[in-house]
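Student: Hi, I have just opened this one and would like to go through it with you. Could you take my questions as they come?

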Amino acid sequence: MATKSSNVATKPTKPAKKKEVKKETKLGMAVKKDDNFGEWYSEVVVNSEMIEYYDISGCYILRPQAISIWETLQAFFDPEIKKMGIKNAYFPLFVTENVLQKEKDHIEGFAPEVAWVTKSGKSDLEVPIAIRPTSETVMYPYFAKWIRGHRDLPLKLNQWCNVVRWEFSNPTPFIRSREFLWQEGHTAFATKEEADQEVLEILELYRRVYEEYLAIPVIKGKKSELEKFAGGLYTTSVEAFIPHTGRGIQGATSHCLGQNFAKMFQINFEDDKGGKGMVWQNSWAYSTRTIGVMVMVHGDDKGLVLPPKVASVQVVVIPVPYKDADTTAIKAACESTANELNAAGMRADLDTRENYSPGWKYSHWEMKGVPLRIEIGPRDLEKSQARIVRRDNGAKIDVPMAELVEKVQEILMSIQENLFNIAKEKRDACIEVVHTWDEFMAALNNKKLILAPWCDEEEVEKDVKARTKADQGAAKTLCSPFDQPELPSGTVCFASGKPAKKWTYWGRSY
């Protein structure tokens with residue numbers, strides 16, 4: 001019996017080892033970015049451990065890798081708005097139907113996306129309660145309560161929260177989801193001039209989020225009347241572009257609401273001369289969509305590519321022990337290197353797992369987008385050096401240990417800059433200036449970001465949408481850039497032939 005037991009006990013050990021080795025071979029991307037962008041994107045966000053799919057369609061679990069990026073953006077943005085005198089608050093998730101419907105244009109814009117709570121346990125609620133799609137109607141009854149005189153102005157609030165928009169078409173992680181995280185700022189001023197100034201100050205912060213942190217070039221501009229925020233006076237935005245799909249993507253918005261909501265919610269104040277005034281309001285927001293844009297712009301066939309500024313792990317240190325090598329000394333050198341980098345303010349990790357080969361680990365950390373890999377093997381130990389491998393371009397360099405910290409800092413800055421420059425080159429190569437309808441259609445079909453002279457008429461924009469409607473979506477205005485090229489006298493609109501008033505970016509969008 002003892003022999004039998006012994007045989008039974010040893011049998012499972014061999015298959016278990018084989019299975020472990022098999023696991024290593026499966027790491028990597030099954031779909032290439034150029035072959036099927038949608039499938040590639042879905043694979044990247046899951047395999048890089050950014051998200052996990054949830055059992056409710058359009059809802060996703062944000063894993064630590066994604067939340068860390070969100071926290072980094074928050075750590076930049078929050079102190080910046082506090083310098084502007086904006087304070088954080090928190091308002092409830094729920095809003096009553098009568099309050100939500102107070103601003104007609106506003107609710108019409110969001111009506112198809114509003115989710116409603118209709119039951120408590122098994123009982124029907126007497127009055128259905130909406131879950132906020134945005135918080136104008138949640139906050140503004142209380143602005144009216146808190147603002148009485150000019151000394152109560154400006155009132156500047158922001159909240160970091162989640163919102164729910166029950167998207168029914170093409171849910172995409174980070175880009176279009178039924179619940180997402182964002183910040184939303186809501187401010188009230190005595191004058192339009194103050195409101196106008198803040199709109200642009202906030203928009204500049206959004207540009208910095210994208211360009212300085214996510215290494216994504218954006219265009220600052222104004223939305224058309226058709227595309228502006230429902231119920232607002234005007235909307236400004238930062239617009240990104242995804243060359244692989246030929247689609248624009250709204251990166252963040254800063255709205256001047258004018259006095260429309262103030263009228264609806266009676267947000268009035270007594271001015272310094274005893275007269276009655278009505279406040280001017282703004283609202284502005286950016287969301288976890290930022291992360292999705294970053295994945296789309298920088299990711300490649302190996303997986304995620306993270307800009308160093310937002311990477312939760314900027315450097316991974318991997319021991320590379322060959323046969324008969326002094327593994328203890330190699331591991332000690334790796335540990336010392338990781339500690340030095342962390343002490344110098346970088347975010348370094350050490351991968352000493354023994355059940356995976358160095359090659360498997362390389363692929364694993366490339367998939368997760370870590371900007372730099374440091375390899376230390378027996379030869380490196382002999383020469384007192386380490387090998388550095390860049391994620392953005394695969395370049396390898398051997399660096400003396402004494403210079404490692406300084407060199408790593410320098411290369412991380414270089415990667416951040418290089419990612420932005422490459423993204424800008426690719427974006428700029430897609431911009432096409434057109435003057436006629438035929439040129440417009442050719443550019444649209446070639447997945448271009450189109451800059452065209454436009455008469456700035458809503459009916460013409462509607463007509464362009466109708467004439468370009470296709471399976472992949474219709475073309476629309478993305479924004480009219482603040483940085484306007486010269487518009488020669490006599491230039492006509494590409495779509496209507498009427499006198500052109502401005503240059504506007506057009507394209508399909510997310």
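Student: Let me start with a single residue: is Lys-368 buried or exposed?

Tutor: Bear in mind as we go that this is a predicted model. Lys-368 counts as buried, because its relative accessibility is 14%, and the limit for that word is under 20%.

Student: Which residue does Lys-368 form a salt bridge with?

Tutor: Its partner is Glu-49, and the closest N and O atoms of the two are 3.1 Å apart. The pair links distant parts of the chain, since Lys-368 sits in the loop between α12 (358–367) and β17 while Glu-49 sits in the loop between α3 (37–47) and β1, 319 residues apart. Glu-49, for its part, counts as partly exposed, with 28% relative accessibility.

Student: How many salt bridges does the count come to?

Tutor: The count comes to 32 salt bridges. One of them joins Glu-239 to Lys-223, with the closest N and O atoms 2.8 Å apart. Glu-239 lies in strand β10 (residues 234–242) and Lys-223 in the loop between β9 (219–222) and β10, so this salt bridge ties together parts that are 16 residues apart in sequence.

Student: And those two, buried or exposed: Glu-239 and Lys-223?

Tutor: Glu-239 counts as buried at 5% relative accessibility, and Lys-223 is buried as well, with a relative accessible area of 7%.

Student: What about Glu-212, which residue does that one form a salt bridge with?

Tutor: Glu-212 forms a salt bridge with Arg-208, where the closest N and O atoms are 3.1 Å apart. Because the two are four residues apart in helix α8 (residues 192–213), about one helical turn separates them. Glu-212 is partly exposed, with a relative accessible area of 28%, and Arg-208 also counts as partly exposed, at 23% relative accessibility.

Student: Which residues are linked with them in a network of salt bridges?

Tutor: The network links Glu-212 and Arg-208 with Glu-80, Lys-83, Glu-204, Arg-207, Glu-211 and Lys-220.

Student: Changing topic, in what order do the strands of the open sheet with β17 come?

Tutor: That sheet has five strands in the order β16-β15-β17-β18-β19, and their pairing is mixed. Strands β16 (348–350) and β19 (396–400) stand at the edges with a single partner strand each, so one side of each has no neighbour in the sheet. From one strand to the next, the twist averages 25°.

Student: How many bridges join β15 to β17?

Tutor: Five bridges join them, and the two strands, β15 (residues 315–319) and β17 (residues 372–376), run parallel. As an example, Val-315 has Leu-372 as its bridge partner in β17.

Student: Which strands does helix α11 touch?

Tutor: Helix α11 (residues 327–343) packs on the sheet and touches β15, β16 and β17, with its direction at about 170° to that of β15. Another helix, α14 (residues 404–430), lies across β15, β17, β18 (385–390) and β19, and runs at about 5° to β18.

Student: One last thing, which residues make the nonpolar surface patch of about 270 Å²?

Tutor: That patch is made by Tyr-54, Ile-56 and Ile-61. Tyr-54 is found in the loop between β1 (51–53) and β2 (60–62), and with 46% relative accessibility Tyr-54 counts as partly exposed.

Terms used: Residues numbered from 1 in each chain as written. Predicted model: local features only at pLDDT ≥ 70, side-chain atom pairs only at ≥ 80, totals over all residues. Heavy atoms only, no water. Pairing = 2+ DSSP bridges. Axes fitted to C-alpha atoms, helices over the stretch in contact; angles between N-to-C directions. Contact = heavy atoms within 4.5 Å. Patch = residues over 30% accessible without salt bridge, like charges linked within 9 Å, V, L, I, M, F, W, Y side chains within 5 Å. Areas by Shrake-Rupley, 256 points an atom, 1.4 Å probe, with all protein chains shown as cover. Salt bridge = Lys/Arg side-chain N within 4 Å of Asp/Glu carboxyl O. Buried < 20%, exposed > 50% of the residue type's maximum accessible area, 1.4 Å probe, protein only.
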